[in-house]
Structures are given as C-alpha cells and as structure tokens.
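Open the model in a viewer and follow the stops below in order. Each one gives a selection and then says what is found there.

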Amino acid sequence: MDAGSHDFTVRFAETEEERLAAYRVRYAVSTEEEGDERYADHAARILRDRLDDGPSRVIIAETSSGIVGTSRVSFRRDGPFIADELYRWDLLAAAANDDQPVELSGVALWDRGAVLANFRRLGIYKVTEALVTETARRNSIQILVGVVDPKKEVLMAFMKRCGWAVFASSEIAGKEWFQVFKRPD
Ligand SMILES: CC(C)(COP(=O)(O)OP(=O)(O)OC[C@H]1O[C@@H](n2cnc3c(N)ncnc32)[C@H](O)[C@@H]1OP(=O)(O)O)[C@@H](O)C(=O)NCCC(=O)NCCS
C-alpha cells in the first residue's frame, strides 16, 4: 500500500466490514511486524479478542487507500478488560492523587493501537488520541488507562505530552509493560 494522499479521517467503525479491516491492520502490525502471537488468527490474518465481540468501540483511520490505522476504546462498566487482573487499581488511586479507591465504572481502556508502516508520522495516532480523550469526556469517564512498551521511548514521550502518566508496571507474556493513565477532563 502506498501512502499516496496524506489526507485521513479518524472515526469509529460502523460496520462489520470496517471492524474486520481494523483487525487486519492489527494483524499486519502486532502479529507480523512486532511478532506478538497473542490472539492472532493466522488463517483469517486478523487479530481479534473477546472484547471485540462485546461493546468495545473500534476506531479506524481511513485514507484513499483504505483503512490504515486502528485502536479501541472499552468501558470497564461494560465488563472486564483483557488481562483485567493485572491492572493495579490500588496504585492508580495513589497516582491519580485520590483518597478514594478508583471507581471502576468510571474507567476506560485505550488499546490495540496500530498504524500501517507506510502511513506513520502523518499524525494519525495524535488525532486518534484526541478522539479517545473526547469520547471519554462525553461518556463521563474519569480515568483512561492503557499499556505501553517502555522500550518505545518515542511513544512514551508522545503519551506524556498528551497528559498520560505511568502508574504501574506489569509482566505480560514475559515482557515488561507500563500501565499508564490520563484524566480526560
Ligand atoms: C505507535 C503508532 C501507532 C504511532 O502512529 P502514528 O500515526 O505514526 O503516530 P503520529 O504520526 O500521530 O505521531 C504521534 C507522535 O509520535 C511522534 N513520533 C511518532 N513516530 C516517531 C518517530 N519514529 N520518531 C520521532 N517521533 C515520532 C510524532 O512526532 C507525534 O508526536 P507530536 O504530535 O507531539 O509531534 C505506530 O508507530 C505503530 O503502529 N507502531 C507499532 C505498534 C504500536 O507501537 N502501537 C502502540 C501500542 S501501545
């Protein structure tokens, strides 16, 4: 796929076809490029997990070449996240500077971020992050969480510029991950 025009739009997927295109982008990036085998469906060349079959909202970035980027927003009040037991809600409360325990009904997860290699550095993820923050605000989400590979320093720096901060680290599939959060307001 060629980058062609640099115009893109970022929005929520509305059809099953758009969601499938997003799962293919995830497969190309996470499975093939990054070598992460989790949740890969090699026969269909898609990456899909149980949250996709629930109320999670899939975001797509569309260009004249088709759907080239994606990520996903899930509300904790709709059900447990993937690897839910790994999230350190106790540490999140401390990091968010609250005296109260975190109210899980006010938490949302931003995950499964992927942009095809030929379409990077166009600002797709930046626009996506703004849409996620705005969506959280409109849905009375108090805290957004995510998981970032600490070795991706450029990505970590970008997240920090957008107001995200690290509250814990955890080991998933033999690798260290930072748990990050942001208040959307
Ligand atoms: C991470 C990823 C989604 C970023 O997508 P993208 O659309 O290229 O990102 P953007 O163009 O919106 O750039 C976002 C920010 O990162 C910076 N950035 C991105 N890649 C960079 C690079 N290689 N070098 C320097 N800065 C970079 C941009 O400058 C921008 O910051 P700014 O707006 O403050 O200037 C994409 O690189 C990707 O799919 N990587 C592999 C999978 C992955 O890491 N997913 C994230 C899961 S947590």
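Start with the ligand. This is a predicted model, and 17 residues stand around the ligand, of which Gly113, Arg120, Ile124, Tyr125 and Lys126 come nearest. Now colour the elements that give two or more residues to this shell: β6 (107-115), α3 (124-138) and α4 (153-161). Which element supplies the largest share of the shell? It is α4, with four residues. Colouring the shell by residue class gives 10 nonpolar, two polar and five charged residues.

Next, hide the ligand and select the strands. Seven of them form an open sheet of mixed pairing, and the order across it is β1-β4-β5-β6-β7-β9-β8. Look at the two edges: β1 (9-12) and β8 (165-172) each have a single partner strand, so one side of each lacks a neighbour in the sheet. From one strand to the next, the twist averages 25 degrees.

Stay in the sheet and select β5, residues 66-75. On one side, β5 pairs with β4 in the antiparallel sense over seven bridges. A hairpin of two linking residues joins β4 to β5. To find a bridge in this pair, pick Glu62, whose partner in β5 is Ile67. β5 also pairs with β6, again in the antiparallel sense, over six bridges. Two bridges can be picked out here: Gly69 has Val115 as its partner in β6, and Arg72 has Asp111.

How many of the 10 residues of β5 are buried? Nine are, and the strand is mostly covered. To see one element that lies over this part of the sheet, add helix α1 (residues 16-33), which lies across β4 (57-63), β5 and β6. The helix runs at about 100 degrees to β5.

Now show the nonpolar core. In soluble globular proteins, nonpolar side chains tend to be buried together. The largest nonpolar core of this model has 46 residues. Select Ala61, Ala108, Val115, Ile143, Leu144, Val145 and Phe181, the members with the most contacts inside this core. β6 gives the most to the core, with six residues. Val115 was also met above, as the bridge partner of Gly69.

Centre the view on Leu144. Apart from neighbours within four places in sequence, the contacts of Leu144 are Ala108, Trp110, Val132, Ala136, Phe181, Lys182 and Pro184.

Move on to the loops, beginning with the one between β6 and α3, where Phe119 lies. Is Phe119 buried or exposed? Phe119 counts as buried because 20 C-beta neighbours fall inside 10 Å, and 20 is the lower limit for that class. For a distance check, draw a line from Phe119 to Val73: the C-alpha atoms are 21 Å apart, and the two residues are 46 apart in sequence.

Finish with two backbone angles. Ala83 is in the loop between β5 and α2 (89-95), and its phi is near 55 degrees, a positive value in a residue other than glycine. Ala83 is partly exposed, since 13 other C-beta atoms lie within 10 Å. Then select Ser140, in the loop between α3 and β7 (143-148). Phi of Ser140 is near 55 degrees, a positive value in a residue that is not glycine. With 13 C-beta neighbours inside 10 Å, Ser140 counts as partly exposed.

Methods:
Residues numbered from 1 in each chain as written. Predicted model: local features only at pLDDT ≥ 70, side-chain atom pairs only at ≥ 80, totals over all residues. Near = placed C-beta within 6 Å. Nonpolar A, V, L, I, M, F, W, Y, C, P; charged D, E, K, R; others polar. Pairing = 2+ DSSP bridges. Axes fitted to C-alpha atoms, helices over the stretch in contact; angles between N-to-C directions. Contact = placed C-beta atoms within 7 Å. Buried ≥ 20, exposed ≤ 12 C-beta atoms within 10 Å, placed from the backbone. Core = buried A, V, L, I, M, F, W, Y, C linked by C-beta atoms within 7 Å.
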